[in-house]
Amino acid sequence: MVDSGIQLSAKPGIHVKNAYIYQKYRNHFTPFVQGELFKLSVPVSNAGVETLDPYAYWTPLSVSNNINPDQDQNKNMPSAQAAYVVGGMGIHWTCATPRLNSKLERWDFIPESEWDDLYRRAEALFMTNTNVFATSLRGAVIKKNVQELFQDRLDSNYPVQQLPVSGYRRLDNPDLVWWGGPSDILGPLLDMNQDASQRFQIIPNLLAEKIIHKAGRVEYVEFQSLDPWEKIEIYANDVIVAGGAIMTPQLLWNSDIFRGEESPLGHYLNDQPLAFTQVVLSKKIIKEIQSLEDYDERMTNSHLAEEIPIPINDPDPTLWIPVQDGRPWHCQIHKDAFN
């Protein structure tokens, strides 16, 4: 397996949020994510720049820094980004793993039995759990209030509930969470004590540029090694291209695969509309938290009892309102990096 970026952890692909510093100071995680993301397409803009330096001058256009002079700026996806690092987006994803609604979101051409089987296998690989944040006092009160506030608009089959997440509470310190990432999915392939690891290797800093093929079979793949800087050819009996929604068709197009008027490459791309906001707890909510049965016991070890009446080790509220008829979007309430 090759990846075009560097390897950040001793075991390839560990979720960065597993680091103690990011669990302790969550706001520091946001700049890390932003620093890892690179825009995939930046159209040249003809808009005036009010703050242009008077000593600036125009130069002939050239393609650099992902700027595409042929891209219509009104038909671009400015939020389309990718992470060039071992593990990709998997080292800093949100780890939310809810299932698609069986009636409203799933594709009909896949039978329900197959959906369920695939979900079970995927959730096992992702270590999906709904109990990671189940003991949150804030979560319990927020869940109750949201359910009551929208009870006339929520289908009883899709109530406010715990958000399924990829991860689990650490046994050595239950205040910390182990977040699922590519390292967990690869599992025994990365365990040096397993035979499988002897047959598997991840090579960082290797950028796939072109697939050389003949008569429908791949002969080899051309790579640009970033460290050391050199061209490399890799031969294999089977080649799997897994570069995501943008870079997979980019590589296939550059390799003269699926080109032509009927080609699906570059078609059917879409972005998800997203509304992102911040939740602030009212005094009413705080008082309800203080009235819960095990509140006093949980506050015993809190050093901030006088200033902030919330247990210092209270798990984050991590809730989910599923899709339902008449409301074709879901809602997540949790503490995450600001979007």
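**Figure 1. The loop between strand 10 and strand 11, with Pro228 in it.** In this predicted model, Pro228 belongs to the loop that lies between strand 10 and strand 11, and the peptide bond joining Asp227 to Pro228 is cis, with omega at about 0°. Most peptide bonds are trans, and it is against that background that the view is drawn. The two strands flanking the loop, strand 10 (residues 217-226) and strand 11 (residues 229-234), pair in the antiparallel sense over 6 bridges, and the hairpin that joins strand 10 to strand 11 runs through 2 residues. Leu226 has Trp229 in strand 11 as its bridge partner.

**Figure 2. The open sheet formed by strands 5, 7 and 8.** The 3 strands follow the order 5-7-8, and their pairing is antiparallel. Strand 5 (128-129) and strand 8 (177-179) stand at the edges with a single partner strand each, so one side of each has no neighbour in the sheet. Strand 5 and strand 7 pair over 2 bridges, and in that pairing Asn129 has Val165 of strand 7 as its bridge partner. Strand 7 (residues 165-169) and strand 8 pair over 3 bridges; here Tyr168 is bridged to Trp178 in strand 8, while Arg169 stands opposite Val177 in strand 8. In a regular strand the side chains alternate between the two faces of the sheet.

**Figure 3. Helix 3 and the residue Met127 that comes after it.** Helix 3 (residues 112-125) has 14 residues and reaches 20 Å from its first C-alpha to its last, which is close to the 20 Å expected at 1.5 Å a residue. Met127, which follows helix 3, lies in the loop between helix 3 and strand 5, and has a positive phi of about 55° although it is not a glycine. Most residues other than glycine have a negative phi.

**Figure 4. Asn205, a second view of a positive phi at a residue that is not a glycine.** The phi of Asn205 is positive, at about 55°, and the residue is placed in the loop between helix 5 (182-186) and strand 9 (206-214). With a relative accessible area of 15%, Asn205 is buried, because the cut-off for that class is under 20%.

**Figure 5. The largest cavity and the residues that line it.** The structure holds 1 cavity of 30 Å³ or more, and about 80 Å³ of space lies in the largest cavity. Its lining is made up of Lys17, Arg26, Thr94, Phe133, Leu163, Val165, Trp179, Asp316, Thr318, His334, Lys335 and Asp336. Sorted by class, these lining residues comprise 4 nonpolar, 3 polar and 5 charged residues. Val165, one of the lining residues, is also the residue of strand 7 that is the bridge partner of Asn129.

**Figure 6. The surroundings of Asn145 in helix 4.** Asn145 is placed in helix 4 (residues 137-149) and, at 15% relative accessibility, counts as buried. Leaving aside residues up to four places away in sequence, Asn145 touches Lys284, Ile285 and Glu288.

**Figure 7. The surroundings of Arg298 in helix 8.** Arg298 is found in helix 8 (residues 295-299) and, when residues up to four places away in sequence are not counted, touches Thr135, Leu137, Pro311, Asp314 and Pro315. For Pro311, which is 13 residues from Arg298 along the chain, the C-alpha atoms of the two residues are separated by 6.0 Å.

**Figure 8. Phe276 and the setting of the whole chain.** Phe276 is found in the loop between helix 6 (244-254) and helix 7 (283-290), where it is partly exposed, with a relative accessible area of 42%. The C-alpha atoms of Phe276 and Val16, which are 260 residues apart along the chain, are separated by 22 Å. In the chain as a whole, the secondary structure comes to 8 helices and 13 strands, and the C-alpha atoms fill a box of roughly 70 × 65 × 45 Å, taken along the principal axes. Buried residues make up 32% of the 339 residues, and among contacts between residues at least 6 apart in sequence, 63% join residues at least 24 apart.

How values were computed. Residues numbered from 1 in each chain as written. Heavy atoms only, no water. Helix = DSSP H or I, 4+ residues; strand = E, 2+ residues; numbered from the N terminus. Expected span 1.5 Å × (residues − 1). 1 Å grid on protein atoms, 1.4 Å probe; cavity = no way out; pocket = protein on both sides within 12 Å on 5 of 7 lines; lining within 4 Å. Points joined across faces, edges and corners; volume = space filled by probe spheres on them. Nonpolar A, V, L, I, M, F, W, Y, C, P; charged D, E, K, R; others polar. Buried < 20%, exposed > 50% of the residue type's maximum accessible area, 1.4 Å probe, protein only. Contact = heavy atoms within 4.5 Å. Pairing = 2+ DSSP bridges.
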